Amino acid sequence: MNTTAHRHEVPDDPLGAIDYCFDQGWTDGLPVVPPEAGRVAAMLAFEGRPPETVIAEHPATGLRLTVESLAANAVMAGCKPEYLPVLVAAFEAMNEPDFNFHGSCASTGGSAPLLIVSGPAVEELGLNSGVNLFGPGNRANATIGRAVRLALLNVFKMIPGISDKSTQGHPGKFSFCIGERADRSPWPRLCEALDYPEGVSSVTVYAGAGFVNLENHGANTPEMLCDSFADGMANYGCISKGETVLVVSPEHAKIIGDAGWSREQTQAYLFERARRTVGQLQAIGKYHQREHERGQKLGADDAEHIHRGLTPDDILIVVGGGDAGGHSAFIPSWSRTRGSLRQSKPIGVCLDC
Amino acid sequence: MFEQLGKRAVVLCTHPFEVTANNIAATMGLPGYPFVMVEHPIGSRTLAEIKERAEDAYQQALPILLD
Amino acid sequence: MQLIDPTGTSSERRLARAAPLDKLDGAVIGLLNNNKVNADVLLRETAALFEARHGCSVIEMRHKMNASAPAPSDKIEDLAAHADFLITAMGD
C-alpha cells in the first residue's frame, strides 16, 4: 500500500501504546486507540482513493489532511471503519473557502464544527438522532465528532493556547455530531432539501458556538413556540448577522407540523421575529453601523431593526432529540458576521465525478 | 504573506496573540518573524488610548522596515 | 506493533522576507484592515505618525471582509503594487 505517513515501531503492548500516544501529544486529553497499521488499513478500505489523497488544506499554513492521516485519527477516536466516508465528506465540506475552517477553529469565539448527518446513513451507521442527542452513549456520534477534533489537533495543529485561541471553548469541541431524526420530522429530510439523489446521505458542517436550550413546555401553537425560539436567537449575547442552527425536539416539531407550517414558513416567521432595535444594541455596545447598513441594503433590516442573519434561509431547521420533552436547541454561529457559512456534502459518493 | 511580493509589512498584533502569530510564521517557514506587539484590547479603547498604542507601534515598526 | 503517525505531512511552505526599505521619507503606505473593532483606527493612527514624521502618504485602506481568513490574493497584490510598505493587524 502506498502510504506517506511516518510509522512508529512500538512494543506489542496495547496499554503501553496508549501511553505512547499520550507521550507523543496525539490525544484530546482522553486515552486514544493506538493507530495500529492494520486498523488504519481496514479503515482505508472504506475510501476508494489512494491514502495520500489530500482532502483538505489549511489556507494559512498549507498543512494538508490526507485520507491516511484522517483514517489514523479516526482509529484513535474509536471509529468503526464504515464511519470514514462521513469524516471525508465533513472535511471536504470544511475545506470549502466559505466555511473558513482556520478562522472558526482558531478564533477566540471557540466554536466547534457541528456535523449534522441526514439520510439513510443515520440508520446504517447507528447514529443517534433521538434521546440524549448531544450527550454521551453512542459510538458513532461520539467517535465521528471526536475524530474531527483529533484531526484538527494533530494534522492542522489547532493547538489550544497556540493556534486555537478559544476564550472558553465549549464541550462540543470534544465531539459535536448528530443525526437528523426523520421519523418525527414534519419536513423533508435535509439531504432531500439539498436535492441530493434518492438514497444519498449528506453531512452538513456548521461552525457552532455554545448550546442554547430553548425550553417551552406550555406553548401549544407554532406562534407561541416560535416566539420563544426567536427570543433565544436574538438574545443579547448571541444576536449577530451570522447563521442559525435550530434543532427542534419531536414534541415541538409536532406542534409546528400539526399546524401545517412548512420549513420555509417557519424560517420566515423566525427571521421576522429574531431581531433587536438599533437603540437596544447601541445600549449594550453591540451596534455595528456597517453591518446594519449592509442588512438594510439586502432588505433584511429596516432603519429601526436588526435581524439575526441576512435571510430566512440562514436558519437551518432540523428535528432531533427524544420523544418527550419541550427542549429544543439553538446553536449560534461562531461568526458574528458572515465569516463562516455552513457547508454540505454527500457521503461516500462524488456527484461531480 | 505580503512580503512574498517584495514589500515589507508591519503586522500589528495584541499580546494574547503573540504565540499564535509566532506559530503561524514558523509553520510558514519564517521563524522569528518580527511582529509589532501592542497592548490588548483594542476594541473597547478610547481614541486617546489607541493613539498611545499607535506611538508604541510606530517605534517598533522602524527597525522592522529598515533593518 | 506499528503505529501510523496521525500528524500527517509537514507544510512545504518556505517563505522569505522582502528587502528592507532604504529610507522612509516619502514612502507610500498601504493599509489592510482586518475589520476587528477599532483596528482601522489603530492602523490610521499608526500611519499618521509616519505621515507626520517622514512625509509618507497613505493610499486608500483595503478591508478584509473576514478577520479570520487570509486576505484574497488580488487585494494583497493590489496593495503590493501601489505601496512601499504595508501596515496590517491580526488578533482582537
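Two residues are taken to be in contact if their C-beta atoms, placed from the backbone, lie within 7 Å. The model examined here is predicted.

By this criterion, the contact between chains B and C takes 37 residues from chain B and 32 residues from chain C. On the chain C side, three elements each supply at least two residues: α1 (39-54), α2 (73-82) and β5 (85-90). Helix α1(C) provides the largest share, seven residues. The side of chain C that touches chain B was also sorted by class. Nonpolar residues number 19 there, charged residues eight and polar residues five.

Strand pairing also links these two chains. Strand β1 of chain B, residues 8-14, pairs with β5(C). The two strands run in the parallel sense, and six bridges connect them. One bridge can be located by residue: B:Val11 has C:Thr88 of β5(C) as its partner. Strand β5(C) thus appears twice in this account, as a supplier of at least two contact residues and as a pairing strand.

Chain C also meets chain A. Here 17 residues of chain C are in contact with 37 residues of chain A. Five elements of chain A give two or more residues to this side. They are the strands β1 (7-9) and β3 (64-66), and the helices α2 (37-44), α3 (67-77) and α5 (101-106). Helix α3(A) gives the most, with five residues. The side of chain A that touches chain C divides into 16 nonpolar, 15 polar and six charged residues.

Strands pair across this contact as well. Strand β1(A) is joined to β1 of chain C, residues 2-4, by three bridges. These strands run antiparallel, whereas β1 of chain B and β5(C) are parallel. Within the antiparallel pair, A:Arg7 has C:Ile4 as its bridge partner.

Within chain A, helix α9 was examined on its own. Helix α9(A) spans residues 222-233 and has 12 residues. From first C-alpha to last, α9(A) reaches 16 Å, close to the 16 Å expected at 1.5 Å a residue. Its buried residues are A:Pro222, A:Leu225, A:Cys226, A:Phe229, A:Ala230, A:Gly232 and A:Met233. Seen down the axis of α9(A), these buried residues fall within an arc of 155 degrees, so they line one face of the helix.

The buried residues of α9(A) pack against several elements of chain A. Among the partners are the strands β7 (212-215), β8 (244-248) and β12 (327-332). Helices α10 (250-258) and α11 (263-273) are also partners of these buried residues.

Note on methods: Residues are numbered from 1 along each chain as its sequence is written. Chains are lettered from A and ligands numbered from 1 in the order in which they are written. This is a predicted model: local features need pLDDT of at least 70, side-chain atom pairs count only at pLDDT 80 or more; totals for chains, interfaces and linings use all residues. Helices (H or I, at least four residues) and strands (E, at least two) are DSSP runs, numbered from the N terminus. Ala, Val, Leu, Ile, Met, Phe, Trp, Tyr, Cys and Pro count as nonpolar, Asp, Glu, Lys and Arg as charged, and the others, Gly among them, as polar. Two strands pair if DSSP finds at least two bridges between them. The expected span of a helix is 1.5 Å times one less than its number of residues. A residue is buried if 20 or more other C-beta atoms lie within 10 Å of its own, exposed if 12 or fewer, and partly exposed in between; C-beta atoms are placed from the backbone. The arc is that of the directions from the helix axis to the C-beta atoms.
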